[in-house]
Amino acid sequence: MQLDKTLYVAKAEATGGREGYIRSDDGALDMPLTTPKALGGEGKFGVNPEQLFAAGYAACFIGAMKVVAQRNGKILNSAAKVNGEVGIGPVGKGFNISVVLNIDVPEMPRDELENLVSAAHEVCPYSNATRNNVDVVLKIV
């Protein structure tokens, strides 16, 4: 799916792989990477790509819910939360990820929230990027 227009380009550099370092061009992201013990790492302090993807997808999905709500003349409750979970495991000769988004919007009727989540899943860039490539489960909590 090609963009109609590029609105923003994020730039970041990684060195050293899973036991390396990441840094954005503006310095806002600047941290060590480490491999989780479950993947054979030593358990040192640092983040891993799956955590970054989980956080990015969760934040982006809330943004998509806000866009959909606004398009419908509403404001998304500021207490809305999305907890992202990203799993990693073998697929054939390689690896893939799976995603669960646990979505909580207090005081929104369930049927309204289901419609919002469904529409946001069509709008969210992470959802569009992963569609038909990654198993994504949307759970309303």
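The protein chain here has 3 helices and 6 strands, and what you're looking at is a predicted model. If you walk along the sequence, the elements come in the pattern β-β-β-α-β-β-α-α-β. Let's go from the overall build to the sheet, then to the core, and finally to a few residues worth clicking on.

**The big picture**

- Along its principal axes, the C-alpha trace of the protein chain spans about 45 × 30 × 30 Å.
- The protein chain has 141 residues, and buried ones make up 30% of them.
- The accessible surface of the protein chain adds up to about 9,500 Å², with 53% of that belonging to carbon and sulfur atoms.
- How much of the contact list, counting separations of 6 or more, comes from residues 24 or more positions apart? In the protein chain, such pairs account for 49% of those contacts.

**The sheet and the helices on it**

- Look for an open sheet of 3 strands, in the order β4-β5-β6, with mixed pairing.
- Which strands sit at the edges? They're β4 and β6, and each of them pairs on one side only.
- From one strand to the next, the twist averages 15°.
- Strands β5 and β6 run parallel, and 6 bridges join them.
- To see one bridge pair for yourself, find Leu101, whose bridge partner in β6 is Leu138.
- Helix α2 packs on the sheet, where it touches β5 and β6, and its direction makes about 155° with that of β6.
- Helix α1 lies across β4, β5 and β6, running at about 140° to β4.

**The nonpolar core**

- In soluble globular proteins, nonpolar side chains tend to be buried together.
- In this model, the largest nonpolar core has 26 residues, and the members that touch the most other members are Phe61, Met65, Leu76, Val82 and Ile103.
- Which elements give two or more residues to this core? They are α1 (49–71), β4 (81–91), β5 (94–104), α2 (110–123) and β6 (135–140).
- The largest share comes from α1, with 10 residues.
- Take Met65: setting aside neighbours within four places in sequence, this residue is in contact with Leu76, Val82, Ile103, Val105, Leu116, Val117 and Ala120.

**A closer look at Val82**

- Val82 belongs to strand β4.
- Is Val82 buried or exposed? Its relative accessible area is 12%, so Val82 counts as buried, the cut-off being under 20%.
- Leaving out residues up to four places away in sequence, Val82 touches Ala58, Phe61, Ile62, Met65, Leu101, Asn102 and Ile103.
- Val82 and Lys139 are 57 residues apart in sequence, yet their C-alpha atoms are 9.5 Å apart in space.

**The aromatic rings**

- Searching the whole structure turns up 3 aromatic pairs.
- Why is the pair Phe53 and Tyr57 called edge-to-face? The ring centres are 6.0 Å apart and the planes meet at 85°, so the pair falls in that class, which needs planes over 60 degrees apart.
- Both Phe53 and Tyr57 are in helix α1, 4 residues apart, which is about one turn of the helix.
- Phe53 is partly exposed, at 25% relative accessibility, while Tyr57 is buried, at 0%.
- Tyr57 also forms an aromatic pair with Tyr126; this one is tilted, with 5.3 Å from centre to centre and 35° between the planes.
- That second pair links distant parts of the chain, with Tyr57 in helix α1 and Tyr126 in helix α3, 69 residues apart.
- Tyr126 has a relative accessible area of 28%, so it counts as partly exposed.
- Put together, Phe53, Tyr57 and Tyr126 form one aromatic cluster.

**Ser127, next on your tour**

- You'll find Ser127 in helix α3, which covers residues 125–130.
- Is Ser127 buried or exposed? At 1% relative accessibility, Ser127 counts as buried.
- Not counting residues up to four places away in sequence, Ser127 touches Tyr57, Phe61 and His121.
- Two of those names have come up already: Tyr57 is part of the aromatic cluster, and Phe61 is one of the core members with the most contacts to other members.

Methods. Residues numbered from 1 in each chain as written. Predicted model: local features only at pLDDT ≥ 70, side-chain atom pairs only at ≥ 80, totals over all residues. Heavy atoms only, no water. Buried < 20%, exposed > 50% of the residue type's maximum accessible area, 1.4 Å probe, protein only. Contact = heavy atoms within 4.5 Å. Core = buried A, V, L, I, M, F, W, Y, C linked by side-chain atoms within 4.5 Å. Pairing = 2+ DSSP bridges. Axes fitted to C-alpha atoms, helices over the stretch in contact; angles between N-to-C directions. Phe/Tyr/Trp six-rings, centres within 6.5 Å; stacked < 30°, edge-to-face > 60°. Areas by Shrake-Rupley, 256 points an atom, 1.4 Å probe, with all protein chains shown as cover.
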